[in-house]
Each structure stands twice: as structure tokens, then as C-alpha cells.
Amino acid sequence: MSLALTPEQEDLVAALRGFLDAEVESRRTREVMETRDGVDLELWRRMNTELGLGGALVAEEHGGTGLGLPELALIMECAGRAPVGVPLLSTTLAAVALSTVADLGPAAEPLRALASGTSITAPALSADDVRAEATKTGWTLHGTAEFVLDGHVADLLLVAARTPDGNALFAVDPATPGVTRRRLGMIDLTRPMSTVVFDAAEARALCAPDAQPRIARLLDVAAIALAAEQVGGAARCLELSVAHARTREQFGRPIGSFQAIKHMCADMLRVIEPARSAVYFAARAAADDSPEAPMLASLVKAHCSEVYADAAGATVQIHGGLGYSWEHDAHLHFKRAKTGELLFGDPARHRARLADLAGL
């Protein structure tokens with residue numbers, strides 16, 4: 001398996017990084033963080049119209065670009081460099097859910113909406129937290145979904161729920177009676193999440209109630225996508241640290257000349273590069289439906305969570321007092337790293353899963 005980027009993938013990375021470097025401003029990010037919803041809808045609109053990110057993982061027949069999981073890893077790695085309140089992760093995971101878990105007929109309309117950039121679709125994937133009951137007219141949902149990415153601003157909810165015959169995926173209009181949404185207070189204000197309560201809320205089944213293997217694969221994709229974002233964030237932390245070490249002087253010379261600072265930066269590079277390769281390998285394995293994909297997903301999620309958290313902590317330390325200030329971006333990465341550790345399973349949970357999959 002080759003991990004080298006194709007010319008098309010290199011162009012994708014260049015376009016994404018160029019856009020984010022030019023358009024994402026720290027001042028604007030902080031302004032959006034203080035708003036009620038915490039989502040930069042104008043920036044997200046431009047990311048759709050200029051880059052087509054809403055439909056990146058949507059098949060061309062539904063109006064999307066038709067990219068695959070290796071490209072998803074590249075997109076999320078680029079996005080990790082700039083923590084900002086846009087529904088990118090939720091949208092890409094929704095596209096994967098509709099393409100791989102839902103049946104083609106019911107998924108066609110929401111896929112076209114994603115591709116057009118006119119809909120924010122939020123996946124709620126914790127099937128054990130919500131149950132579905134069949135009625136004479138259809139399905140109703142009961143239960144609570146926690147930590148739903150962008151659930152408070154979503155135009156459509158994709159909910160994994162238990163049924164008497166197995167787990168299935170359902171589409172729910174947030175305006176439906178019986179749906180209550182509440183934004184959560186998170187330390188990472190650039191990634192808003194919500195609690196969604198279902199009280200006999202009407203839902204539309206998107207697949208037969210035997211979809212747990214496909215839902216499990218979707219959760220593996222979510223772990224890989226988040227790990228890719230964490231690699232991008234860690235790489236950005238290293239860039240910030242090196243730039244500061246070159247210009248900040250103490251005792252008449254740049255702090256980058258001190259051995260301790262050199263070691264901290266070298267240690268970041270030493271773990272970031274293999275973590276990136278591991279994520280690329282996991283994404284390609286998942287794209288190929290490799291039997292190793294579940295193990296690789298847990299491996300990269302556990303490892304990259306700690307790589308990012310350690311890099312963010314070192315960045316704060318290297319920047320000294322500046323790293324603790326609200327004006328510097330170090331705290332944005334630190335908070336994104338700490339919430340990312342817990343999202344889709346913390347490192348301990350994924351290591352336990354690794355042991356189970358390995359038969360230990």
C-alpha cells in the first residue's frame with residue numbers, strides 16, 4: 001500500500017491550506033465563539049461554494065465530488081490546523097452515513113442537500129442511547145443523544161437507534177414535536193455540541209434494522225477522521241512553537257538555541273510524522289474494507305489523541321506566559337485536543353478495544 005499523495009490529492013491539500021490560511025482569522029474565530037450558536041455560517045457557506053466541502057464525500061450522481069476516505073483524512077488534517085466553528089466533521093460523517101449505512105432511495109434527497117451546501121446534517125451515532133418503536137404510521141424515537149456535533153443548528157438529524165430487530169439509522173426533522181435540543185457548555189468553544197432528547201419523536205427509517213455492522217464501520221471512520229484532524233492540529237502546534245522559538249529571546253539569544261526547547265520541538269516532530277503515516281494507512285484500509293480497519297481505527301484514535309494533547313501542552317509551555325493568554329491560538333489547540341481525546345471514545349476505551357480485537 002503506497003501512502004504517497006497523488007497529484008490530485010496534493011492539489012486538494014494546497015487548495016484547502018491556501019483557503020484556511022487566507023480566510024481563517026483569530027479575531028473572527030473568537031467573535032464566533034461568543035455567539036449563541038458558535039457556528040460561523042458565512043465561512044461554512046464559502047467553504048461550500050468555493051471548495052465544495054459539503055459534498056466532498058457525496059457521490060457525483062448526487063451532485064457531490066465523490067472523494068473517498070483517504071481524501072477525508074487529508075481534508076480533516078488540513079482543517080485541524082485551524083480550529084474554527086464550522087460543521088465540517090459532522091457534515092462529512094453525515095455524508096459517509098448516508099452513503100454507507102442508509103439505503104440508496106431514502107438517502108438520495110439528504111445527500112443532494114449536503115452536496116448543495118444548503119443543509120447542515122448532524123449524526124447522532126450512539127445507538128445504545130436511543131430506541132425506536134414501530135407504530136401504525138411509522139417509527140418514533142425515545143431517549144437522549146449526547147455530544148451531538150452541531151446538533152443545535154442542524155437542519156436534519158441522523159440518529160442511530162435500537163429497534164427490536166437490531167440497530168438502524170433514522171432521519172429526524174429537528175422541528176418535529178418531541179425533539180428538544182440544547183447546546184452544551186464545552187471547554188472547546190470552536191466545536192459546539194448538543195444534547196438532543198427524543199420523546200416519541202417521529203422518524204423516518206433509512207435502512208433495515210440490521211445495520212449494526214455498517215454503523216460500527218461508520219464509527220471507525222469517525223475515529224480515523226478525528227485522528228487525522230488531531231495530526232493536523234499537532235503539526236500546527238509544532239509550527240507555532242518553532243516560529244516562537246526562533247524569535248523570542250532570553251539572555252540575549254533566541255530560546256530555540258536552548259537544548260530543552262530543541263528537545264521539545266524535536267519530540268513533537270518525532271511523534272507527529274509516524275502518526276500521520278498511521279492515519280493515512282488506516283484511512284486506506286477503511287476505504288478497502290480491510291479486516292484490519294477496526295483495529296487500525298482504534299489504534300490511531302488512541303495514539304493521535306495523545307500526540308495532539310502532548311503537542312498542545314508543549315506549545316503552551318514553549319510560549320510561556322503568552323501561551324496562557326486569550327489572544328494567542330495555543331489555548332484553542334489545547335482545548336480542541338482535550339475534547340478530541342474524549343470524542344468517539346477516549347484512548348483507554350480504544351486500547352481496551354484493541355486488546356479485544358487482538359484476542360488479548
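These are my notes on aromatic pairs and cysteines in this structure, which is a predicted model.

**Aromatic pairs**

I went through the rings first. The count came to two aromatic pairs. One of them I wrote up: tryptophan 139 with phenylalanine 170, an edge-to-face pair. I get 5.4 Å from centre to centre and 65 degrees between the planes. That angle earns the edge-to-face label because the cut-off is over 60 degrees.

Next I checked where the two rings sit in the chain. Tryptophan 139 belongs to strand E3, residues 139-149, and phenylalanine 170 to strand E5, residues 166-172. They are 31 residues apart, so I noted this pair as a link between distant parts of the chain.

Then I looked up accessibility: is each partner buried or exposed? Phenylalanine 170 comes out buried, at 1% relative accessibility. Tryptophan 139 has 23%, so I put it down as partly exposed; the buried class stops under 20%.

**Cysteines**

I searched the whole structure for disulfides and found zero. Cysteine 265 is in none, and its nearest cysteine sulfur, in cysteine 237, lies 11 Å off. A disulfide needs the two sulfurs within 2.5 Å.

Why is cysteine 304 without a bond? Its sulfur is 13 Å from the closest cysteine sulfur, which again belongs to cysteine 237, and that is too far.

I also wanted the burial of these two. Cysteine 265 is buried at 11% relative accessible area. Cysteine 304 counts as buried too, with 1% relative accessibility.

Key
Residues are numbered from 1 along each chain as its sequence is written. This is a predicted model: local features need pLDDT of at least 70, side-chain atom pairs count only at pLDDT 80 or more; totals for chains, interfaces and linings use all residues. Side-chain values use heavy atoms; hydrogens and water are left out. Rings of Phe, Tyr and Trp (its six-membered ring) pair if their centres lie within 6.5 Å; planes under 30 degrees apart count as stacked, over 60 as edge-to-face and the rest as tilted. Helices (H or I, at least four residues) and strands (E, at least two) are DSSP runs, numbered from the N terminus. Buried means under 20% relative accessible area, exposed over 50%, partly exposed in between (1.4 Å probe, protein chains only).
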